[in-house]
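Here are my notes on the aromatic contacts. Please read them alongside the model.

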Amino acid sequence: MSPCAADSNYQRLAFWVGDWEVVDSTGAHYATQRVRSAVDSCAITAEWTGRVGDKGLNLSAFDRQTGEWRQVYVSNQVPAPLGVTLRRSDTSYSGPGLRFIPLVVAPAGNLERSRVTIMPLSARRAMQLFEDSSDGGKTWHTVFKAEHRLLRSDAP
């Protein structure tokens with residue numbers, strides 16, 4: 001067995017591995033997402049395919065040196081690519097799954113914040129919740145809430 005597969009730190013997103021139908025808050029089909037364990041269970045990859053040609057790919061892994069997860073996300077974000085987003089896990093989050101925040105701290109005086117939470121809802125459902133704050137994180141509003149419904153799992 002891989003050392004990562006036996007370490008719970010590396011397995012915080014293991015619930016997310018599988019092929020998912022992604023639905024929006026109205027229950028309408030929004031995208032598909034293929035999530036895989038990679039590098040002997042030391043990382044997770046997630047490939048997003050939207051209904052309008054939008055695609056995204058992220059690589060997430062636990063960083064033993066910092067005790068945080070790291071995530072690199074790139075997308076074509078039709079109609080205009082946004083480039084690369086770098087995130088780290090929010091160590092103050094104690095809920096299920098993981099919450100990611102920007103790797104780079106906002107400059108002094110900038111109160112804009114964002115976060116993405118990936119959490120299990122049940123054995124066959126998960127959620128990605130994208131939120132923004134304009135007051136330094138005092139209040140948050142939902143930008144996008146996506147329910148994932150498991151189509152197929154590669155879990156043993």
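1. Y30 is partly exposed, at 25% relative accessible area. The model is predicted, and the value is computed from it. F144 is buried, with a relative accessible area of 18%; this falls under the 20% limit for buried residues.

2. Y30 and F144 form an aromatic pair. Their ring centres are 4.7 Å apart, and the planes meet at 40°. That angle makes the pair tilted, because it falls between the 30 degrees limit for stacked and the 60 degrees limit for edge-to-face.

3. Where do the two rings sit? Y30 belongs to strand β2 (residues 29-38) and F144 to strand β10 (residues 141-152). The two are 114 residues apart, so the pair links distant parts of the chain.

4. Y30 and F144 also belong to a cluster. Ring pairs join them there with W48 and F130.

5. The count of aromatic pairs is four. One of these is Y10 with F62: the centres lie 5.2 Å apart and the planes stand at 75°, so the pair is edge-to-face. Y10 lies in the segment before β1 (18-23), and F62 lies in strand β4 (residues 55-63). The pair therefore ties together parts that are 52 residues apart in sequence.

6. Are Y10 and F62 buried or exposed? Y10 is buried, with 12% relative accessible area. F62 is buried too, at 11% relative accessibility.

7. One further contact involves a charge. The charged end of R115 sits over the ring of W140. The distance to the ring centre is 3.9 Å.

Note on methods: Residues are numbered from 1 along each chain as its sequence is written. This is a predicted model: local features need pLDDT of at least 70, side-chain atom pairs count only at pLDDT 80 or more; totals for chains, interfaces and linings use all residues. Side-chain values use heavy atoms; hydrogens and water are left out. Rings of Phe, Tyr and Trp (its six-membered ring) pair if their centres lie within 6.5 Å; planes under 30 degrees apart count as stacked, over 60 as edge-to-face and the rest as tilted. Helices (H or I, at least four residues) and strands (E, at least two) are DSSP runs, numbered from the N terminus. Buried means under 20% relative accessible area, exposed over 50%, partly exposed in between (1.4 Å probe, protein chains only). A charge sits over a ring if NZ of Lys or CZ of Arg is within 6 Å of the ring centre and within 35 degrees of the ring normal.
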